[in-house]
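Here is a friendly walk through one protein model, from its packing to its open space and a few individual residues. Have the coordinates open in your viewer as you read.

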Amino acid sequence: MTTPAAPLDRFDLAILDILQADNTTPQRVIAQAVNLSAPAVQRRIQRLRESGVIRANVAVLDPVKMGIPLTIVLEVHLENERPDRTAPLRARIAAEEAVQQCYSVTGEADYLLVVNVASMADYEALTQRLFDGDDNVRRFRTSVALGCLKSGLRVPLAGLRPLA
């Protein structure tokens with residue numbers, strides 16, 4: 001259960017910046033970098049986790065080195081956007097491990113998905129699992145990534161002003 005996020009001060013922002021660069025940085029090293037005690041850093045990190053500001057502590061893997069070389073972006077176009085009509089698709093997307101990101105968007109498409117698959121055969125199987133038999137999916141459009149110019153999960157903190 002997450003608690004409401006408290007305003008972030010300059011110490012919180014500095015800690016978050018360090019953790020985004022390397023989540024395995026020892027708390028004593030963070031403490032030295034931000035001029036706080038290690039217990040103070042520990043309490044702040046715990047508060048940031050409990051409030052949901054820090055959503056997860058994970059290892060980010062390289063899909064190509066893991067044998068999953070294809071990144072595909074899908075535009076999904078629906079017949080009807082009513083929640084009761086989209087709920088089954090949203091549930092399938094949420095449960096699908098190959099879907100790395102899914103955004104509900106404005107414009108022509110209703111959803112944008114980023115997926116990683118090992119082969120086009122795997123991609124075809126994925127689209128069958130997600131879309132076959134769903135009469136609310138009007139169409140989907142596929143774009144295969146030819147290369148990656150930038151990929152990351154880092155939230156930009158530079159423009160944020162400490163609130164406390």
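The report below covers cores, the largest pocket, cysteines and three buried residues.

## The model and its largest core

Please keep in mind that this is a predicted model. A good place to begin is the largest nonpolar core, which has 18 residues. Within this core, Val76, Leu89, Leu113 and Val115 are the residues that touch the most other members. Two or more core residues come from each of β1 (70-78), α4 (83-95), β3 (111-117) and α5 (120-131). Among these elements, β1 provides the largest share, with 5 residues.

Val115 is worth selecting on screen. Once neighbours within four places in sequence are set aside, Val115 is in contact with Leu70, Thr71, Ile72 and Leu74. Its contacts also include Ala98, Val99 and Gln100, along with Tyr123 and Leu126.

A second core, separate from the one just described, is made of 13 residues. Leu8, Ile15, Ala31 and Ile45 are among them.

## The largest pocket

Next, the open space. The largest pocket holds about 1,900 Å³, and 46 residues line it. If you want to find its centre, look for Val58, Val60, Ser151, Gly152 and Leu153, the lining residues that lie nearest to it.

Which elements supply at least two residues of the lining? They are α1 (10-21), β1, β2 (99-104) and β3, and α1 gives the most, with 4 residues. Sorted by class, the lining has 29 nonpolar residues, 10 polar ones and 7 charged ones.

## Cysteines without a bond

How many disulfides does the count give? The count comes to 0. Cys102 is in no disulfide, and the nearest cysteine sulfur to its own, in Cys148, is 19 Å away. Why is Cys148 unpaired as well? A disulfide needs sulfur atoms within 2.5 Å, and the closest cysteine sulfur to that of Cys148 is the one in Cys102, at 19 Å, so the two are too far apart for a bond.

The surroundings of these cysteines can be described too. Cys102 has a relative accessible area of 33% and is partly exposed, while Cys148, at 59%, is exposed.

## Three buried residues

Is Thr127, a residue of helix α5, buried or exposed? With a relative accessible area of 8%, Thr127 counts as buried, because the cut-off for that class is under 20%. Not counting residues up to four places away in sequence, Thr127 touches Asp132 and Phe140. Thr127 and Phe140 are 13 residues apart in sequence, and their C-alpha atoms are 9.2 Å apart in space.

Asn136 sits in the loop between α5 and β4 (137-144). Its relative accessible area is 1%, so Asn136 is buried. What does Asn136 contact, leaving aside its neighbours within four places in sequence? The partners are His77, Leu78, Glu79 and Asn80, together with Arg85 and Thr86.

Arg44 belongs to helix α3 (residues 38-50). Arg44 counts as buried because its relative accessibility is 16%, below the cut-off of 20%. Beyond its neighbours within four places in sequence, Arg44 is in contact with Asp9, Phe11, Asp12, Ile15 and Leu36. One of these partners, Ile15, is also a member of the second core.

Conventions
Residues are numbered from 1 along each chain as its sequence is written. This is a predicted model: local features need pLDDT of at least 70, side-chain atom pairs count only at pLDDT 80 or more; totals for chains, interfaces and linings use all residues. Side-chain values use heavy atoms; hydrogens and water are left out. A nonpolar core is a set of buried Ala, Val, Leu, Ile, Met, Phe, Trp, Tyr and Cys residues joined through side-chain atoms within 4.5 Å. Buried means under 20% relative accessible area, exposed over 50%, partly exposed in between (1.4 Å probe, protein chains only). Contact means heavy atoms within 4.5 Å. On a 1 Å grid over the protein atoms alone, a cavity is a set of points where a 1.4 Å probe fits but cannot get out, and a pocket is an open set with protein on both sides within 12 Å along at least five of seven lines; lining residues have an atom within 4 Å of a point. Grid points are joined across faces, edges and corners, and a volume is the space filled by probe spheres set on the points. Ala, Val, Leu, Ile, Met, Phe, Trp, Tyr, Cys and Pro count as nonpolar, Asp, Glu, Lys and Arg as charged, and the others, Gly among them, as polar.
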